Amino acid sequence: SIRTADRLFVELAVYRTTTEDEFRPNDSGIFENVGETERNGVEIGWSYDLSHDLTAYGSFTQVETEIKDPLVPGDRFVRGIPRDQQTFGAKRRWSLPETRTLIFDFYFQRLGESYQSAAGTFLFPGFSQYGLKATLQQRRVTGFAQLMYRPDESSGEFMTTRTPGGNYRFA
């Protein structure tokens, strides 16, 4: 990680992770154990403080996944994880009374192709999406609403997170 002139922050990460007994959703959306998995990747990210409360940012990630000890013979790849991803966006923060902070985050994201069969016989094509996320923080509680737009479809979700503690998801 490098921070220059108190405005530019650049970070590079090279990683290898191994997970025993990873659970992933199957075609029916039910989570099942796929066995031991490994991810090898690289990520570079940057952020630039345009002002005290406005930040521009971007990142690039490349990752390869593999099932090291598959429970199903012939399975080699972790399904549904994009092989590459690029994100560019801007965040605006406002300090509100009573230790509250409001953050608006607008971003563009390009997700690369991903394996849709664990055997690697079918690749799901990559796609682009735009996102808008509004976050309200008050002391130890954070809530956000997120809208995502894809040129051929749309989706959205609402999630609130209580810290420390668990995640509560409302769809």
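1. The secondary structure of this protein, taken from a predicted model, amounts to zero helices and 12 strands. Read from one end of the sequence to the other, the order is accordingly β-β-β-β-β-β-β-β-β-β-β-β.

2. Confidence should be considered before any detail is used. The mean pLDDT of the protein is 84, and 87% of the residues reach 70 or more. Among the elements, strand 5 (residues 84–96) has the highest mean pLDDT, at 96, whereas strand 12 (residues 167–170) has the lowest, at 42. Over residues 154–171 pLDDT stays under 50, and for this stretch the model has 29 contacts beyond four places in sequence. Those contacts belong to a stretch with pLDDT under 50, and I would ask that any discussion of them say as much.

3. On the overall figures, buried residues account for 26% of the 171 residues in the protein. The accessible surface comes to about 11,200 Å², and carbon and sulfur atoms hold 56% of that surface. Of the contacts between residues at least 6 apart in sequence, 46% join residues that are at least 24 apart.

4. Which residues form the largest nonpolar core? It has six residues, namely V34, V63, I67, V78, I81 and A118. In soluble globular proteins, nonpolar side chains tend to be buried together. For A118, once neighbours within four places in sequence are set aside, the contacts are I67, G74, D75, R76, F77 and R79, and I67 is itself a member of the core.

5. S117 deserves a comment alongside A118. S117 is placed in the loop between strand 7 (114–115) and strand 8 (123–124), and it counts as buried because its relative accessibility is 16%, which falls under the 20% cut-off. Leaving out residues up to four places away in sequence, S117 touches R79 and F122. The C-alpha atoms of S117 and F77 are separated by 7.6 Å, although these two residues are 40 residues apart along the chain. R79 thus appears among the contacts of S117 and also among those of A118.

6. On the outside, a nonpolar surface patch of about 850 Å² is made by W94, L96, F104, F106, Y130, L132, L136, L147 and Y149. Strand 5, strand 6 (100–111), strand 9 (127–138) and strand 10 (141–150) each supply at least two residues of this patch, and strand 9 gives the most, with three. One of the patch residues, Y130, is found in strand 9; with a relative accessible area of 37%, Y130 is classed as partly exposed, because that value lies between the 20% and 50% limits.

7. A search of the whole structure finds eight salt bridges, and three residues, E22, R24 and R39, are linked in a network of such bridges. The side chains of E22 and R39 meet at 2.9 Å, N to O; E22 lies in strand 2 and R39 in strand 3 (residues 31–51), so this pair ties together parts that are 17 residues apart in sequence. E22 also meets R24 in a salt bridge, at 3.8 Å, N to O. As to exposure, E22 is buried, with a relative accessible area of 8%, and R39 counts as buried at 15%, whereas R24 is partly exposed at 21%.

8. Another of the salt bridges joins the side chains of E64 and R83, at 3.6 Å, N to O. This pair links distant parts of the chain, with E64 in strand 4 (residues 54–70) and R83 in the loop between strand 4 and strand 5, 19 residues apart. E64 is partly exposed, its relative accessible area being 31%.

9. Where do residues with a positive phi that are not glycine lie? D21 has a phi of about 50 degrees and lies in strand 2 (residues 8–25), while T99, also with a positive phi of about 50 degrees, lies in the loop between strand 5 and strand 6. Most residues other than glycine have a negative phi. D21 is partly exposed, with a relative accessible area of 46%, and T99 is exposed, at 52%.

Note on methods. Residues numbered from 1 in each chain as written. Predicted model: local features only at pLDDT ≥ 70, side-chain atom pairs only at ≥ 80, totals over all residues. Heavy atoms only, no water. pLDDT = per-residue confidence, 0-100. Helix = DSSP H or I, 4+ residues; strand = E, 2+ residues; numbered from the N terminus. Contact = heavy atoms within 4.5 Å. Buried < 20%, exposed > 50% of the residue type's maximum accessible area, 1.4 Å probe, protein only. Areas by Shrake-Rupley, 256 points an atom, 1.4 Å probe, with all protein chains shown as cover. Core = buried A, V, L, I, M, F, W, Y, C linked by side-chain atoms within 4.5 Å. Patch = residues over 30% accessible without salt bridge, like charges linked within 9 Å, V, L, I, M, F, W, Y side chains within 5 Å. Salt bridge = Lys/Arg side-chain N within 4 Å of Asp/Glu carboxyl O.
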